[in-house]
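This report examines a single protein model with regard to its pockets, its nonpolar cores and selected residues. The sequence and the structure are shown first.

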Amino acid sequence: MNVWLLAGLITAVVIVVVIKRLIGEPLNARDLFGPPVLLSGLGVWALYKAEHLTGTDITWAVGGVALGIALGALRGTTVRVFEKQGVLWQRYTGRTFLVLVASAAVMAGFGLLATRMGMHEQARPTQLSIGVGFLGEALVIGARGLASGVPFAPERRRA
C-alpha cells in the first residue's frame, strides 16, 4: 500500500474518532473496538511484511505495544462514561487530552531510545502505536461500561 495513502487513512480514522469522542457519542462495541483493532491489525501486518527484523526489533516492538496499551488504559480512565437516553455514552475530557499529550511524549521518548538501542525504523509502524493506544483505552472504557450496568448503545443502522 502506498505510504501516503496509508498515512492519510490513519490520520482520517484518528481525526474522526477523536472528534466524535470530543463531542460525545453513544458507546457501542463496534465503534469502541473497531478502529483500534483495524489499526493494530495494519501495524502487525506491517511488521510481518518488514524485512530483516532482528530479535532486538521484536523485543522493542513488544515493549512498545505493552507501553502503548498501558498509556491508552490510563487515558481510558479520563474518558467520561455516562448514561443518556437509557444507554451508555462517552466523551473525552480536558484530562483526556492532557494524558494524550503526555502519552505522545512518552512514546516519542521510547521510540528514540529504541532506535538508539538498535531498533530498525520499519519495526516501528505508526498504525500499531496508535492502534494499541486506542485498544488500551477501549479495554478500560468497555470494562467501565460493563460495570455500570447500563446497556451499551445499539449499532446504528446504515441506509
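The sections below treat the pockets, then the cores, then an aromatic pair and two individual positions.

## Basis of the model

The structure is a predicted model, and side-chain atom pairs count only at pLDDT 80 or more.

## The largest pocket

The largest pocket encloses about 670 Å³ of space. Its lining consists of 32 residues, and those closest to the centre are Ala104, Met107, Thr126, Ser129 and Ile130.

Four helices each supply at least two residues of this lining: α1 (3-23), α3 (55-76), α4 (94-116) and α5 (126-148). Helix α4 provides the largest share, with nine residues. Sorted by class, the lining of the largest pocket holds 20 nonpolar, nine polar and three charged residues.

## The second largest pocket

For the second largest pocket the volume is about 260 Å³. Here 13 residues form the lining, and Val3, Leu6, Ala46, Pro125 and Gln127 are the ones nearest the centre.

At least two lining residues come from each of α1, α2 (29-49) and α5. The greatest contribution to the lining of the second largest pocket is that of α1, at five residues. Its classes divide into nine nonpolar, three polar and one charged.

## Nonpolar cores

In soluble globular proteins, nonpolar side chains tend to be buried together. The largest nonpolar core of this model has 14 residues, among which Leu27, Leu32, Tyr92, Phe134 and Ile141 touch the most other members. Two or more residues of this core are given by each of α1, α2 and α5, and α1 accounts for the largest share, four residues. Apart from this core lies another, of nine residues, including Trp60, Ala61, Ala123 and Val132.

Which residues does Ile141 contact, leaving aside its neighbours within four places in sequence? They are Leu27, Leu32, Gly76, Val79, Val81 and Gln90. Leu27 and Leu32 also appear among the core members that touch the most others.

## An aromatic pair

A search of the whole structure yields three aromatic pairs. One of them joins Tyr92 and Phe97 in an edge-to-face arrangement, with 5.7 Å from centre to centre and 80° between the planes. The angle qualifies as edge-to-face because the planes are over 60 degrees apart.

Are the two partners buried or exposed? Tyr92 has a relative accessible area of 5% and is therefore buried, given that buried means under 20%. Phe97, at 26%, is partly exposed. Tyr92 is also one of the residues that touch the most other members of the largest nonpolar core.

## Pro26 and Gly94

Pro26 belongs to strand β1 (residues 25-26). With a relative accessible area of 28%, Pro26 is partly exposed. Its contacts, leaving aside neighbours within four places in sequence, are Leu88, Trp89 and Ala153. The C-alpha atoms of Pro26 and Gln85 are separated by 9.5 Å, although the two residues are 59 residues apart along the chain.

Gly94 is placed in helix α4, the helix that gives the largest share of the lining of the largest pocket. Gly94 has a relative accessible area of 53%, so this residue counts as exposed, the limit for that class being over 50%. From C-alpha to C-alpha, Gly94 and Val79 are 9.2 Å apart in space, while their separation in sequence is 15 residues. Val79 is also one of the residues in contact with Ile141.

Terms used:
Residues numbered from 1 in each chain as written. Predicted model: local features only at pLDDT ≥ 70, side-chain atom pairs only at ≥ 80, totals over all residues. Heavy atoms only, no water. 1 Å grid on protein atoms, 1.4 Å probe; cavity = no way out; pocket = protein on both sides within 12 Å on 5 of 7 lines; lining within 4 Å. Points joined across faces, edges and corners; volume = space filled by probe spheres on them. Nonpolar A, V, L, I, M, F, W, Y, C, P; charged D, E, K, R; others polar. Core = buried A, V, L, I, M, F, W, Y, C linked by side-chain atoms within 4.5 Å. Buried < 20%, exposed > 50% of the residue type's maximum accessible area, 1.4 Å probe, protein only. Contact = heavy atoms within 4.5 Å. Phe/Tyr/Trp six-rings, centres within 6.5 Å; stacked < 30°, edge-to-face > 60°.
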